[in-house]
Amino acid sequence: MSNLYDNPKYYEIAFSYRDISAEVDVFEECFKRFSQIPVKSILEVGCGNSPHMEELIKRGYQYNGLDLSKAMLEYSRQKASHISADVNLIYGNMVDFSLDMLVDFVYITLGSLYVKSTSELITHFNSVAQALKKGGLYLLDWCIQYDPLKSKGDRWEIERDGIQVKTTVSWELVNCVEQTIEETITLEVNDHGKKLNIVGKEIKRAIYPQEFLCFVSGLKNFEFMGWWNNWDLWQPLEQANKIDRPIALIRRT
Ligand SMILES: C[S@@+](CC[C@H](N)C(=O)[O-])C[C@H]1O[C@@H](n2cnc3c(N)ncnc32)[C@H](O)[C@@H]1O
């Protein structure tokens with residue numbers, strides 16, 4: 001695991017630009033439109049610092065998070081203890097996992113589909129299928145490469161509680177046949193004068209849009225529901241001029 005995920009507090013500041021409550025509204029709109037079952041229990045894959053956890057609990061859902069970073073899980077556990085919430089934080093690998101219960105909804109955010117090969121992609125979706133009740137939804141935030149490596153990356157800066165975090169994200173092609181890319185996330189932190197440079201590197205197997213559709217149609221246990229730009233169910237991706245923060249939704253059959 002990279003050093004990046006050993007620093008949950010700085011990671012949380014770096015990615016705090018999101019409107020979490022609006023994103024949970026989108027989850028709920030998906031439940032209304034597409035779920036065939038009532039939603040009570042939720043699993044976040046690659047939950048990290050569990051940014052949606054508090055909002056989900058506030059709205060009455062039961063939250064489960066799966067992650068491979070003990071530091072991130074501990075950070076989420078601390079957050080849950082402050083609100084006395086009954087949450088289930090599980091140490092596990094999204095590539096191949098099993099839960100001892102079934103959930104009603106699964107989601108993964110910020111392109112965190114950390115699989116390195118086609119076989120890992122298959123075991124990942126099989127694991128999600130085993131964890132999700134029939135009729136339930138799996139929402140993927142930016143896990144499909146719509147413009148492979150056209151974008152050079154991104155850079156932004158956020159300050160919270162006197163801590164400044166400058167974040168840079170970039171991608172590089174590793175192998176075009178295996179469709180692997182290396183993602184580098186760098187956090188330049190200034191924590192009240194203490195300076196840190198935190199770097200995380202991960203290899204990902206890219207999945208392209210039409211490939212995703214073929215892949216899902218070949219799965220026996222999922223069907224494609226749709227994809228939308230900018231977390232907005234009124235913006236189908238086909239009509240987007242510039243793709244930004246796209247979400248895709250599939251349903252367990
Ligand atoms: C970009 S962060 C996303 C965290 C959080 N979901 C959010 O929205 O900010 C990706 C998370 O995936 C976790 N991760 C990376 N590879 C993983 C794997 N193979 N299995 C489970 N979690 C993994 C990392 O530890 C990290 O917490």
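The structure, a predicted model, holds 19 salt bridges. Three of them are listed below with the separation of their N and O atoms.

| Salt bridge | N to O distance |
|---|---|
| Glu12 and Lys79 | 2.9 Å |
| Arg155 and Glu188 | 3.2 Å |
| Glu223 and Arg251 | 3.0 Å |

Glu12 and Lys79 form a salt bridge with their closest N and O atoms 2.9 Å apart. This pair links distant parts of the chain, with Glu12 in helix 1 (residues 8–14) and Lys79 in helix 4 (residues 70–82), 67 residues apart. Glu12 counts as buried because its relative accessibility is 13%, under the 20% limit. Lys79 is buried as well, with a relative accessible area of 12%.

Arg155 belongs to strand 6 (residues 154–160) and Glu188 to strand 8 (residues 180–191), so their salt bridge ties together parts that are 33 residues apart in sequence. Arg155 is partly exposed at 49% relative accessibility, and Glu188 is partly exposed at 31%.

The side chains of Glu223 and Arg251 also meet in a salt bridge. Glu223 is in strand 10 (residues 222–228) and Arg251 in strand 11 (residues 247–252), 28 residues apart. Glu223 is partly exposed at 30% relative accessibility, whereas Arg251 is buried at 12%. Elsewhere, Asp25, Glu28, Glu55, Lys58 and Arg59 are joined into one network by salt bridges that share partners.

Around the ligand there are 21 residues, of which Tyr11, Glu44, Asp67, Asn93 and Thr109 come nearest. By class, this shell has ten nonpolar, eight polar and three charged residues. A backbone N or O atom of Met94 lies 2.9 Å from a ligand nitrogen atom. The protein buries 98% of the 590 Å² that the ligand exposes when taken alone.

Conventions:
Residues numbered from 1 in each chain as written. Predicted model: local features only at pLDDT ≥ 70, side-chain atom pairs only at ≥ 80, totals over all residues. Heavy atoms only, no water. Near = heavy atom within 4 Å. Polar contact = N/O pair within 3.5 Å; in protein donor to acceptor, adjacent residues only side chain to side chain. Areas by Shrake-Rupley, 256 points an atom, 1.4 Å probe, with all protein chains shown as cover. Nonpolar A, V, L, I, M, F, W, Y, C, P; charged D, E, K, R; others polar. Salt bridge = Lys/Arg side-chain N within 4 Å of Asp/Glu carboxyl O. Helix = DSSP H or I, 4+ residues; strand = E, 2+ residues; numbered from the N terminus. Buried < 20%, exposed > 50% of the residue type's maximum accessible area, 1.4 Å probe, protein only.
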